[in-house]
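Student: I would like a close look at a single part of this model, the charged patch on its surface. Please take me through it slowly.

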Amino acid sequence: MKELTRGFYQLKKERDRLNNQIDQSENPTVTGSLESVLESINEQIDRLEEAIDQHVRSSKTLARNRDLLETIPGIGQTTAALVLAELGDHERFESARQAAAYAGLTPAHHESGSSVHRKPHLSKVGSSRLRRALYFPAMAALRCNAAVEAFGDRLAQRGKEDMVIIGAAMRKLLHICYGVLKNQTPFDASLHRGT
């Protein structure tokens, strides 16, 4: 599963790179060649997406967990598969905090005596793939997931910067994913009121 999802995201990254190159190219011959390669990559992406779906459906547990994750507003089929692949067995974590630390979504503080007191930022120690997979879903969740939206609004009222809010939303989304998987129940927004 991990190999399939990593290959999928690597191809998507290559597709984005090629699209940028095509946009910048003024030579029709080069553009045509790049578009031909892009078409092949799109076919491979579709194949890997189907392979990931088949792999998930072949396991009752994976299929159930993906369905549970998809009940969370902001989490789609592809993100659910990647969370399952990169997080692994959720039972190896004792808490949502441990899962967030594994993903590198915990605040890191910089202090050095009395001279250095910089703003906290994400630790970025952990799974960069999991952080990357949660970035756009967190932005979507800030708009369509009542629990994450309320949390983001509270941070904005306290004057937090946009990137701080997105990082916190990523962490909140991973906490929700962990809770849904641990309890084996669909997302319930009423459990997250006022967060």
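Which helices each supply at least two residues of the positive patch?

Tutor: This is a predicted model, in which local features need pLDDT of at least 70 and side-chain atom pairs count only at pLDDT 80 or more, while totals for chains, interfaces and linings use all residues. Residues are numbered from 1 along each chain as its sequence is written, and side-chain values use heavy atoms, with hydrogens and water left out. The helices you ask about are α1 (2-24) and α6 (128-144), each of which supplies at least two residues of the positive patch; helices here are DSSP runs of H or I with at least four residues, numbered from the N terminus. The patch itself is formed by Lys2, Lys13, Arg92, Arg129 and Arg132. Patch members have over 30% relative accessible area and no salt bridge, and like charges are joined within 9 Å, where a salt bridge would be a side-chain nitrogen of Lys or Arg within 4 Å of a carboxyl oxygen of Asp or Glu. Lys and Arg count as positive, whereas His and the chain ends are not counted, and the place of a charge is taken as NZ of Lys or CZ of Arg. Accessible areas come from the Shrake-Rupley method with a 1.4 Å probe.

Among the patch residues, Arg132 lies in helix α6, and because its relative accessible area is 51%, Arg132 counts as exposed, a term that means over 50%, with buried under 20% and partly exposed in between. Away from the patch, Gly76 sits in the loop between α3 (60-69) and α4 (77-87), and at 31% relative accessibility Gly76 is partly exposed.

Terms used
Patch = residues over 30% accessible without salt bridge, like charges linked within 9 Å, V, L, I, M, F, W, Y side chains within 5 Å. Buried < 20%, exposed > 50% of the residue type's maximum accessible area, 1.4 Å probe, protein only.
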